Amino acid sequence: MKYAYTILYVEDVKKTMSFYENAFGFQNKFITPEHDYGELLSGETTIAFASHSLGNSNLKKGFKQLSIHEKPNGIEMAFTTENIETDFKNALAAGAVEYESITQKPWGQKVGYLRDINGFLIEICTPIKH
């Protein structure tokens, strides 16, 4: 077994992929001609996006759509960087919304939280030094 994908259901796949490219520097790996599913080059685990309509066709029981106007769900994506202050500012400039400012943890790691243009929670952090 290998963890391969995280798929986020979004209103606009193409717009969301463009946001992640601009905010975090990930590159487009694949997008369907219909723009209802796309993947980013993001390391070992692929970040993917599917449209709400594709999600509704795949998940007959439905799903809860996330709103930027509500509190985020209890799940986050975490991106590590050695340049946390610069990368955090770049994400904000690309349209992310600050949720929690960057703080220093007792174990030495720096951590800040953003929300993407769809409302998903993203942790930007420095690597944990072991």
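The following paragraphs describe the overall fold, the aromatic pairs and two individual residues of a predicted model.

In this predicted model, the chain is built from three helices and eight strands, and these elements succeed one another along the sequence in the pattern β-α-β-β-β-α-β-α-β-β-β. The C-alpha trace spans about 45 × 35 × 30 Å along its principal axes. The radius of gyration of the chain is 15 Å, which agrees with the value near 14 Å that a compact globule of 130 residues would have. Of these 130 residues, 38% count as buried, and the accessible surface of the chain comes to about 8000 Å², with 52% of that area belonging to carbon and sulfur atoms. When contacts between residues at least 6 apart in sequence are considered, 50% of them join residues at least 24 apart. With regard to charge, the chain carries 13 positive and 16 negative charges, and the mean positions of the two sets lie 4 Å apart.

Aromatic side chains were examined next. A pair of aromatic rings is described by the distance of the centres and the angle of the planes. Across the whole structure, a search finds nine aromatic pairs. In one of them, the rings of tyrosine 20 and phenylalanine 24 have centres 5.5 Å apart and planes at 45°, and the pair is therefore classed as tilted, since this angle falls neither under 30 degrees nor over 60. Both residues belong to helix 1, which covers residues 13–24, and their separation of four residues corresponds to about one turn of the helix. Tyrosine 20 has a relative accessible area of 0% and is buried, and phenylalanine 24, at 18% relative accessibility, also counts as buried because the cut-off is under 20%. A further tilted pair is formed by phenylalanine 30 and tyrosine 37, with 6.4 Å from centre to centre and 55° between the planes. Within this pair, phenylalanine 30 counts as partly exposed at 38% relative accessibility, whereas tyrosine 37 is buried, with a relative accessible area of 15%. Tyrosine 20 and phenylalanine 24 are also members of one aromatic cluster, in which they are joined by Phe19, Phe26, Phe49 and Phe79.

The backbone at histidine 35 was considered separately. Most residues other than glycine have a negative phi. Histidine 35, although it is not a glycine, has a positive phi of about 60°. This histidine is found in the loop between strand 2, residues 27–31, and strand 3, residues 37–41. With a relative accessible area of 33%, histidine 35 is partly exposed, because this value lies between the limits of 20% and 50%.

Towards the end of the chain, threonine 126 is found in the segment after strand 8, which comprises residues 121–125. At 12% relative accessibility, threonine 126 counts as buried. If residues up to four places away in sequence are not counted, threonine 126 touches Thr81, Ile84, Gln109 and Lys110. Threonine 126 and isoleucine 31, by comparison, are 95 residues apart in sequence and 30 Å apart in space, as taken from C-alpha to C-alpha.

Key. Residues are numbered from 1 along each chain as its sequence is written. This is a predicted model: local features need pLDDT of at least 70, side-chain atom pairs count only at pLDDT 80 or more; totals for chains, interfaces and linings use all residues. Side-chain values use heavy atoms; hydrogens and water are left out. Helices (H or I, at least four residues) and strands (E, at least two) are DSSP runs, numbered from the N terminus. The radius of gyration is taken over C-alpha atoms; the globule rule is 2.2 Å times the number of residues to the power 0.38. Buried means under 20% relative accessible area, exposed over 50%, partly exposed in between (1.4 Å probe, protein chains only). Contact means heavy atoms within 4.5 Å. Accessible areas come from the Shrake-Rupley method with a 1.4 Å probe; for residues, only the protein chains shown count as cover. Lys and Arg count as positive and Asp and Glu as negative; His and the chain ends are not counted. The place of a charge is taken as NZ of Lys, CZ of Arg, CG of Asp or CD of Glu. Rings of Phe, Tyr and Trp (its six-membered ring) pair if their centres lie within 6.5 Å; planes under 30 degrees apart count as stacked, over 60 as edge-to-face and the rest as tilted.
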